[in-house]
Amino acid sequence: MHDPAQGSKIQVLITDISSPLGAELANTLLANGVTVYGLGKKNLSPHLLIKKNFTLLDLDLSQPLPSNLPRFDQIFHLVGAENHHISSEQNQLSPLLRNLLDIAVRAESRVAIILPINCNLNLLDFLATRIKTINQLNLYLVGDTYGPQMHLHETVGLPAIIAQAILSDRIILPNEGLDMLFPTYLQDAADFLAKTVFEPQANDKVGTIVSNNPQNALTIGYTIQKLAGLLLNKEIGLFFAGSPQDSRPRPAPSIEVHKLVKTTALEQGLAQTFNHFMHQVKAAAPQNTTPNLQRVNYQQFVPQEDKLAKFRKFKAPKFSIKSPKIRGSKAKLITFAVIGLLILLIVKTTTEILLGVGDLKATKTAIEAANWK
């Protein structure tokens with residue numbers, strides 16, 4: 001790897017600035033005086049593109065780098081949604097990854113490959129073997145990244161759960177919420193990766209970058225549900241997707257968490273994420289388009305006794321008077337009899353009132369005529 005001359009700027013290539021981590025890493029490096037080159041075609045940050053020391057490239061990394069490009073001090077390759085095909089044979093490796101490994105072998109640049117924790121195990125085993133023989137190659141496993149820089153169109157993992165809470169009033173958890181997640185605040189990961197540019201090649205060439213201890217998706221869903229009620233002022237319902245018999249707990253990988261320069265607690269990171277999006281996104285009306293939804297009952301998973309539950313569940317009794325149902329001719333006879341009695345009562349009362357009024361008028365006339373008899 002070529003050493004930058006005294007006073008010259010460090011130059012770095014990031015292979016995917018379309019991803020939230022790639023964009024945040026680029027911004028962090030630029031803030032530290034590094035010249036950044038990036039690849040990306042969609043979801044590009046306009047704030048990043050206009051920065052002075054940033055250059056957007058359009059090239060095919062499966063081919064040798066053009067001669068007019070500078071020699072990069074470090075190349076960050078982010079493996080995201082695309083998953084390089086790998087098998088036991090060398091010729092099955094993707095051309096892009098093979099080219100990056102060749103760059104590291106020739107010591108043209110230091111190469112850091114960044115993988116999600118739940119990446120392809122064959123690829124992970126292959127790279128873990130290669131870093132033992134390639135001095136300029138580093139490997140980093142990154143947890144489930146989230147933060148204000150995340151995209152709200154994500155459909156898997158922790159970003160998808162957060163996006164559902166922001167855009168709707170429900171969170172749908174696959175696999176009954178049993179999947180293990182490794183919450184990693186985007187700024188934490190970017191700060192750590194940027195720091196490696198200024199450090200000499202470390203002996204520990206495999207690092208794991210996470211901000212918090214792993215938790216299952218259901219536990220994180222409850223945390224998001226609580227904070228959404230406080231910060232977004234709306235009630236979030238938790239639902240399971242699919243049939244219970246199809247759900248199986250996914251074993252969490254046994255990893256040694258790398259020490260970060262700075263870590264952000266999950267509640268703090270979620271609060272900052274909600275505060276960022278709450279003024280930009282208007283909650284959309286929920287649409288029940290996912291089949292086989294099962295609403296999550298909190299008491300099913302938390303058996304502690306709620307001493308006030310009986311008071312919360314109390315409802316005032318409702319009283320209603322229903323007329324008796326009588327069938328047949330007897331019902332008609334009784335109905336007519338009741339109506340007849342009511343008519344007689346009304347006629348009798350009316351007659352007595354009229355007679356009383358007549359007597360009062362006669363009395364008045366007699367008194368005025370002094371007929372005291």
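In this predicted model, L97, L101 and V105 of helix 3 meet L123, F126, L127 and R130 of helix 4. Sorted by character, the residues of this contact come out as 6 nonpolar, no polar and 1 charged. If you would like to find the two elements in the viewer, helix 3 covers residues 95-105 and helix 4 covers residues 121-130.

How do the two helices lie relative to each other? Their axes come within 13 Å and cross at roughly 15°. Angles under 35 degrees count as roughly parallel, and helix 3 and helix 4 are therefore roughly parallel to each other. The crossing also has a hand: helix 3 passes helix 4 in a right-handed manner.

Let us move on to the strands. Strand 5 spans residues 110-116 and runs parallel to strand 6, with 6 bridges joining the two. To see one point of this pairing, look at V111, which stands opposite L137 in strand 6.

Now stay with strand 6, which is made up of residues 137-142. Is this strand buried or exposed? Here 6 of its 6 residues are buried, so strand 6 is largely enclosed by the rest of the structure. In a regular strand, the side chains alternate between the two faces of the sheet. In strand 6, L137, L139 and L141 point one way, while N138, Y140 and V142 point the other way. Both sets are buried, so the burial of strand 6, at 6 of 6 residues, takes in each of its two sides.

For a contrast, turn to a loop. K41 sits between strand 2 (35-39) and helix 2 (46-49). Its relative accessibility is 75%, and residues over 50% count as exposed, so K41 counts as exposed. Which residues does K41 touch, once those up to four places away in sequence are set aside? They are S18 and D58. You can also compare K41 with L57: the two are 16 residues apart along the chain, and their C-alpha atoms are separated by 9.6 Å.

Finally, step back to the whole chain. It has 11 helices and 14 strands, and 39% of its 373 residues count as buried, those of strand 6 among them. What share of the contacts with a separation of 6 or more comes from residues 24 or more positions apart? That share is 78%.

Technical notes
Residues numbered from 1 in each chain as written. Predicted model: local features only at pLDDT ≥ 70, side-chain atom pairs only at ≥ 80, totals over all residues. Heavy atoms only, no water. Axes fitted to C-alpha atoms, helices over the stretch in contact; angles between N-to-C directions. Helix = DSSP H or I, 4+ residues; strand = E, 2+ residues; numbered from the N terminus. Parallel < 35°, antiparallel > 145°, perpendicular 65-115°, else oblique. Left-handed = near helix turned anticlockwise from the far one by under 90°. Contact = heavy atoms within 4.5 Å. Nonpolar A, V, L, I, M, F, W, Y, C, P; charged D, E, K, R; others polar. Buried < 20%, exposed > 50% of the residue type's maximum accessible area, 1.4 Å probe, protein only. Pairing = 2+ DSSP bridges.
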